[in-house]
Amino acid sequence: MAKILKVSEAVMAFRRIWHMLRGRRRRPTSAQMFRQAQRLRDEGRFEDAAGLIESVLLHEPGSVVGHLLAGSLHMTRRKTGQARTSYERVLALEPTQPRALLGLARIAIEEGQPGPCRELLSRALARYPDFPEARALLEVARGLAASADAERAPTPSDAIRADRVGLPAESREALFVRRDATLVFATPRGPRTEAVAASAVKLARIATAMLARAGLGPLRHAVIEGAAQTTYLRTDDAALLTLAFDSDVKAATAVTHLERVWGSCRSELA
């Protein structure tokens with residue numbers, strides 16, 4: 001009887017060791033988890049992808065690939081500060097990593113700093129001369145710097161009242177601004193409205209420069225989808241208009257309102 005118990009205990013111990021070994025063998029590698037995170041990102045499952053990357057970095061804080069993927073996801077979710085931290089961690093591990101330098105350059109140009117952007121891109125190209133994304137962004141940065149130098153100084157806001165252009169009742173926010181970042185009107189208007197207007201103009205310049213490089217002409221329309229609302233943009237060489245609607249408003253309805261208000265604003269401005 002004692003022998004039977006000893007054999008049974010040995011079998012149970014063997015099974016426990018076997019399950020442990022199988023579990024270790026089946027545990028995915030960090031490379032597999034990063035590939036899975038990329039697939040989740042491509043599917044638009046950004047939170048799931050971020051959680052997977054964070055779990056890997058918890059055990060491998062020195063992973064350059066992990067911090068690069070984290071920075072990319074932060075940029076996708078418009079978490080610029082966290083993206084900057086991720087890219088800076090990469091550079092602490094690998095000071096000339098081209099992808100990290102490109103990420104910081106993109107942040108710089110979005111913040112209206114073409115000079116630092118060009119410096120970061122030059123460092124990236126010194127390490128990796130055949131880097132098409134860096135060269136494309138460098139041309140955009142140079143174009144923005146040249147246009148900023150040639151741009152006239154902002155003038156006082158034109159006397160256009162929001163109630164005269166027939167804003168639709170469905171719109172949650174409206175912004176009309178000159179392309180030199182002079183705010184004409186905004187509804188509602190708050191302490192950060194001027195900063196938002198300047199940011200919209202900068203992003204429009206960047207998009208125009210990139211579209212021009214691709215041979216597609218200047219930016220004229222854009223749709224920016226958010227969690228609670230969708231913003232529709234209309235612009236030309238002189239001005240920029242945005243209208244924000246609840247996400248359940250049909251695109252055709254929103255575009256119709258946008259074009260009508262745009263016509264009224266341009267007439268008033270003229």
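1. Which backbone nitrogen does a side-chain oxygen of Ser63 reach at the start of helix 4? In this predicted model, that oxygen comes to within 3.0 Å of the backbone nitrogen of Gly66, and the points below begin with the helix that this contact introduces.

2. Helix 4 covers residues 64-76, and at 1.5 Å a residue its 13 residues should span 18 Å; the C-alpha atoms at its ends lie 19 Å apart, which agrees with that expectation. Just after the helix, Arg78 adopts a positive phi of about 60°.

3. Of the 13 residues of helix 4, 10 are buried, so the helix is largely enclosed by the rest of the structure. The buried residues include the glycines Gly66 and Gly71, together with Leu68, Leu69 and Leu73, and also the two histidines His67 and His74. What covers the buried residues of helix 4 includes helix 2 (30-42) and helix 3 (46-59), which precede it in numbering, as well as helix 5 (80-93) and helix 6 (98-110).

4. A separate place to look is Ile206, which belongs to helix 9 (residues 193-213). Is this residue buried or exposed? Ile206 has a relative accessible area of 9%, and because buried means under 20%, Ile206 counts as buried.

5. Leaving aside residues up to four places away in sequence, Ile206 touches Ile109, Glu110, Val140 and Leu144. Ile206 and Gly143 are 63 residues apart along the chain, yet their C-alpha atoms are separated by 9.1 Å.

Conventions
Residues are numbered from 1 along each chain as its sequence is written. This is a predicted model: local features need pLDDT of at least 70, side-chain atom pairs count only at pLDDT 80 or more; totals for chains, interfaces and linings use all residues. Side-chain values use heavy atoms; hydrogens and water are left out. Helices (H or I, at least four residues) and strands (E, at least two) are DSSP runs, numbered from the N terminus. The expected span of a helix is 1.5 Å times one less than its number of residues. Buried means under 20% relative accessible area, exposed over 50%, partly exposed in between (1.4 Å probe, protein chains only). Contact means heavy atoms within 4.5 Å. A polar contact is a pair of N or O atoms within 3.5 Å; within protein, one must be able to donate a hydrogen and the other to accept it, and residues adjacent in sequence count only if both atoms are side-chain atoms.
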